[in-house]
Amino acid sequence: MPGKLKAKIVAGRHLPVMDRASDLTDAFVEVKFGNTTFKTDVYPKSLNPQWNSEWFKFEVDDEDLQDEPLQITVLDHDTYSANDAIGKVYIDIDPLLSSEAATVISGWFPIYDTIHGIRGEINVLVKVDLFNDLNRFRQSSCGVKFFCTTSIPRCYRAAMVHGFVEELVVNEDPEYQWIDRIRTPRASNEARQRLISLMSGELQRKIGLKVLEMGGNAVVGYLQCFDLEGESGLVVRAIGTACTLEKLSNSSAAAPPACNSPSKDIKEPPFSEDPNPNTHSSGPSTPLKTQTYSFSPSKSYSRQSSSSDTDLSLTPKTGMGSGGSAGKEGGPLKTLLRQQTQSALEQRGASSSRIFVRTREFPFFTLTSFPPGFLIHVGGVVSARSVKLLDRIHNPALGNTRSYKLLDWNSFAADEPETRDAWWEEIRQEIKSHARALGCHAVVGYSESTSICEEVCILSASGTAAVLHPKFMQEGCLDGYSDPSRLSRQPATFSAGSEKGEFDIFPQSKDSSAALGLEEPSPPSCGFCHIPYDELNIPFPAHLTYCYHCRRQKVPDVLFTTIDMPAEAAVTGKGCLIQARLCRLKKKAQGEVNATAISNLLPFMEYELHTQLMNKLKLRGMNALFGLRIQISVGENMLVGLASATAVYLTALPTPGGIQIAGKTPSDITYEQHISNMQKKINDTIAKNKELYEVNPPEVIEEVIGSPIPEPRQRSRLFRSHSESSDEVSELDLSHGKKDAFVLEIDDTDAVEDIHSLLTDTPAPAGFYSCNTEIMPGIYNWTSGLQMFTSVRVFRLSNANLTNQGLNKIFNDLCENLLKSLYFKLRSMIPCCLCHLNFTVAVPEDELIQVAVTAVAMTFDKDQAQENWKLGADKTHMKAIVENEEQLQFPLELCTESPSTNPFSPCRGTGLQESANAHATPRAASVDYSSFADRWSSWIELIRLKAQTIRRGSIKTTSSLEKASPLPEGRSRSLRSTRSYAGSTVAVVKMTPLSFIPGTRIIKYLGIINMFFIRETTSLREEGGVSGFLHAFIAEVFAMVRAHVAALGGNAVVSYSMKECVFMENPNKNQAQCLINVSGDAVIFMRESELEATPAPPQTSCSGGEVTT
Amino acid sequence: MGKMSVELDVFVGNTTIMDEEVYQFWLDGYTVADAVRVRMEGGVLQECEASAEVLHSDTMDQFRTFQMCERLLHCPSKLANQLLFQIPPHRQAMLIERYYAFDDAFVREVLGKKLSKGTKKDLDDVSAKTGITLKSCRRQFDNFKRVFKVVEELKGSLVENIQQHFLLSDKLARDYAAIVFFANNRFETGKRKLQYLSFQDFAFCAVQLINNWTVGAVDNMVEDMDVDLDKEFLQDLKDLKVLITDKDMLDQHKSLVCTALRGKTKVFNEMEANFKNLSRGLVNIAAKLMNAKDVRDFFIDLVEKFIEPCRSDRWTAGDIKLFLTHYTNSVHILDTFKHQVVWDRYMGVVKSCILKMYHD
């Protein structure tokens, strides 16, 4: 009985009138946790009741504390009939379980009803007393901190990065249970909300357990999603990166020392005492390069260990020899691991060995931005998709197994052959093999997603292949392939080089295998661009040149990645958002036929999306993409693909060639003329774009536009392998001459259309920039204007006989118009940048396309010169690094504590303008090295394709290892003391999808916000139609998020995202339903200016360890 | 075209975005299409390279936002406490102030009328007559009625009550006080002869009446209402009748005034000839005020009994002021007249009102 939960119901306000006769309400409240329920007295005849109840006390296990939400129901007392429910509040108490988060939850919460929306507010006070629990069979993971933020949270440093954690839980969807036929929509919605809340709680707890077993104390880049599989069930899954975080101690703004100790039993030994000596020698001795570069269709070894699968693999298993061999080793090993995993709970002793293997199984990182020195090279984007058939509930073969009790997740058979788990594992294996092919041992910026239509499900995963510095990680965390031991043995010293911030990190001897491509220290501003793969065995047709920045290493001509741009990267000009958009019609079909059709379409879609991206990139005169996210959504009669990325000109990479149009067979003059007109238009556009984005490479190498080189095949002649001696640097420049143009052949009308659409992308209006990464490369001086927004549009295609072209145009216009609307809406903020523009497409019904966007508009100061900033930044950065190194004996600190705190890309400019200590900027990064990637051109596409498989499986399984934790609604605990906003005024809560707020410092993380809501209406017209309905719902969701954050004592949500927005309507019945899932990190921030004024912010005082012990 | 239609289109900001111009269109009862047209004519399109579609989407969205806020605006104090929309305080103040603002043309039509369903039904006539959209008329009417209902029964200062409950600016709260006061006492303002008077003329008079003729006016200690006239005072006004019924007193009063004005005004002769008529007019108005029905005619009586005769004799405003000053003060010299206090309380207001109302 390790915990006592206490709740007090203070008052209500703005309650709805429940008694028409008196225009008043007789309200009382039920407070429920687990199976215990308390009630307040009835407060008669008032819309603003003052219950001021006693403290209701629940004595519970910490396991339950993690899984269950506190459920508060407000009712109207009715003497003669059943009491009417007014609405509910679910409070996630998880934040109260961590010593460093909040200490109390207190505030006004909107009372929410799934049919009526928000109906008044209730003031609640919640506290938790935890007792120490030394139970070694603990099922709970209280105290493990979760962050949605995909970088090391400011105000922490990462002592160790342990690696990938994943988990999923499955249940039947209450909406599809038989009982749903007889219960009210409200009851059904509430059952669903509660179930998902419980499942997320459980999921989080299980992941927490894994983290503890790995020796970590936090999960960063936590990404939780749910899949509504209809009749076949409900899956809640999550991935994240396990870390050991330490609170920065000496930061003036941070908590006093007392706060740092995670307190409690869960505290993990620091990396130095790493429990597993990691004998990676015993690890799977993967065949090295041979296999790596073969690029065999990965499918071949995708662990189809359970041969019983009813799996039809659509891709030919044409595995090459080497690939096959990998498969043999991979498959059985993994199965073994799984089993180990399952038993790990009981046998704690086994855990360490398990961790080792397990983590090395998937050297994936959900982080998108990294501490300096972490990222050495970037190889390029790797992705995999797979088409699966969901099992139907009537499938006789599975009929029995499905009927387990609600919430009884542990009852599933562990050896169930087909599980969602296995599906994902397959995909991850594939991703891993792609990364290897690129000479990389890790995948960063990793994410997973699904698209479901009826019984077909597309599983997608993508990330960026990379070479990381092993010193940051627990050994074994990386893929064995790269032989971490070799690297880690080397002294991790780096010499601070020139003042410019060129650091040389851990000099390394050249590895004969050349796998890492590290030899000479590379400057941080270009090191990550250097190729990690062996140029003799380039996995795809690439065009390599010597780095334009350091001239020492080879770089590809184009680089695509899913991560944020490293802060230290050298860029020329500003970046911009690029989108590739595509629709493909498909016939309606069922079952396997349908899945096959989809599988067949996917490769073409990926190819075209890629081509579009490449064209648009060239059209902007740029050479790299960051934050690439490709979404392919499936509908009954079409597939919709949307790729978004932020394009930049990396100084280290060669100037892109232009785009040349080649007519097919020049027949007549008008045609020629037409071609040359188009060519001219394209050239003009490129020239205009260069001006617009200030892309003026320092050394003008050649006139790109004027001299497109017609023969594309020419590339092959570049660079044979040389021994790479630095002498050759001089030779290098020659390569400029051969920059070849990207050739577009116009051989049919499609191509003409494509070119047209290429040219119709209108640039953002003057004063606007946009990007889908955290911040815009090239803008540093952010000011305080901030506006987070969500916009949703649904389009109905009314004409049945659309062509692909017609559809494409519609979809393209849709996205363009949406962007234009956003610019118009936000025009008062100019000059400003729309950051983290996150588009999500869906095909909710036959002829509907839904696009949802969440982003933040941030103002910046146009005039401030970025140079200052850079200078200052580099200096501080150096200083920070040096200091840290001394103090910590750890190579680098993940997070500098200099005033502006973030070493990562974000807020660069903030320090500058907000305060005198401008130099404190983030720029820290200078150390990285990395190489990057390639373009995943058609090659990788091919590879991906292979990933498609159809498989059918049953749903219910989970890879469960442990138990769950709850996480319904807000969370909290924290310093009441800071809340100046007592009384009636509502505290302002900022929301942003970014991990920081310009001009401020995050001084405390209060816990993760992960909320799920359903809203339904049977009076759609009366609520203003679908738009009115959704508008109100989204506003309500924002309101509930803000209220929970405020109740935790916070004043902002960072890394906010709307992960799900499922909208369904039935206008004929005047009905609509919508599900929304949002998440983020609740924080307290202070303005930099305030920080200077107040050396010891009030917050710090309270939070200490008192809670936990 | 025609191949696609927007089924749903929403934009929600964490801070609610509101364009003041669009808000005004919404308040003025424009349809979305009309608002879009006017905005296009206003040149907003050039501002941000927008298209008509973009403008339409933006307008729809904002109209919807305003509609959702409307419920809160009905009780402005809720706006500050609600959680649904995050709106900075100065924007909240703007929203409220504009929502409660009204058109002079409209208010003149309903000033002094009972704020009842019947009146509301006639709003389409008002709309047709004033050119203000029916929707806007309804909003304004409902605002009057809402404010009226809330403060009707409250004790204390009318203006302060309105300010406190509706968070209005000082100026607007005063105007509402006038509207409530007129509605409560049902002053006739619609007669043709009163058409030349603006709302501001009446609002000025209302302030005079509220400050001088209500219970709260004389005794701040009495926590009474500002909306009702002081009954006792109205009773006492009967006593003033002696000024016209007592022939000696009437003559004496006249001669005092004439003495004072001789040579000081060009309309002396007309004044002298008309003195008794004018005086009877003013005193009779006072004497009748105890009847609620005659209270309603207060302004029309002032016009008919005093302003019109003067106007036809071409008195200037200066003449009026001079006359009323001496007319009031001379009474103090009449030894036999015992009601100086009531007289001053009455004439102070009447004089201010007439001066305000004496224009073209």
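**Exercise 1. Place Gly1080(A) in its surroundings: in which strand is Gly1080(A) found, and which residues is Gly1080(A) in contact with?**

Step 1. Gly1080(A) is found in strand β34, residues 1071–1087 of chain A, where strands (E, at least two residues) and helices (H or I, at least four residues) are DSSP runs numbered from the N terminus. The model is a predicted one, in which local features need pLDDT of at least 70 and side-chain atom pairs count only at pLDDT 80 or more, while totals for chains, interfaces and linings use all residues. Residues are numbered from 1 along each chain as its sequence is written, chains are lettered from A and ligands numbered from 1 in the order in which they are written, and side-chain values use heavy atoms, with hydrogens and water left out.

Step 2. With a relative accessibility of 0%, Gly1080(A) counts as buried, a word that stands for under 20% relative accessible area, with exposed meaning over 50% and partly exposed in between (1.4 Å probe, protein chains only).

Step 3. Once neighbours within four places in sequence are left aside, the residues in contact with Gly1080(A) include Cys148(A), Gly1007(A), Val1053(A) and Tyr1056(A); contact means heavy atoms within 4.5 Å.

**Exercise 2. Decide how many disulfides there are over all chains, and how far Cys148(A) is from the nearest cysteine sulfur.**

Step 1. A disulfide is a pair of cysteine sulfur atoms within 2.5 Å, and by this rule the count over all chains is zero.

Step 2. For Cys148(A), the nearest cysteine sulfur belongs to Cys225(A) and is 11 Å away. Cys148(A) is itself buried, its relative accessible area being 9%.

Step 3. Cys457(A) is likewise in no disulfide, since the nearest cysteine sulfur, that of Cys453(A), is 11 Å away; the relative accessible area of Cys457(A) is 1%, and this residue is buried.

**Exercise 3. Describe the interface of chain B and chain A: how many residues does each chain bring to the contact, and how many salt bridges are there?**

Step 1. Chain A brings 58 residues to the contact and chain B brings 40 residues. Between them the two chains bury about 4,300 Å², of which 59% is on carbon and sulfur atoms; buried area is the accessible area (1.4 Å probe) that two parts lose on being put together, summed over both.

Step 2. There are five salt bridges between the chains, each a side-chain nitrogen of Lys or Arg within 4 Å of a carboxyl oxygen of Asp or Glu. Lys825(A) forms a salt bridge with Asp58(B), with the closest N and O atoms 2.8 Å apart.

Step 3. On the side of chain B that touches chain A, at least two residues are supplied by each of β1 (4–13), α3 (44–47), α4 (52–73) and α5 (76–81) of chain B.

**Exercise 4. Follow helix α1 of chain B: which of its residues are buried, and what do they pack against?**

Step 1. Helix α1(B) covers residues 20–27, and Val22(B), Tyr23(B), Phe25(B), Trp26(B) and Leu27(B) are buried there.

Step 2. These buried residues pack against α2 (32–41), α4, α6 (89–100) and α10 (134–152) of chain B.

Step 3. At the start of α1(B), a side-chain oxygen of Asp19(B) comes to within 2.8 Å of the backbone nitrogen of Glu21(B), and just after the helix Gly29(B) takes a positive phi of about 80°.

Terms used. A polar contact is a pair of N or O atoms within 3.5 Å; within protein, one must be able to donate a hydrogen and the other to accept it, and residues adjacent in sequence count only if both atoms are side-chain atoms.
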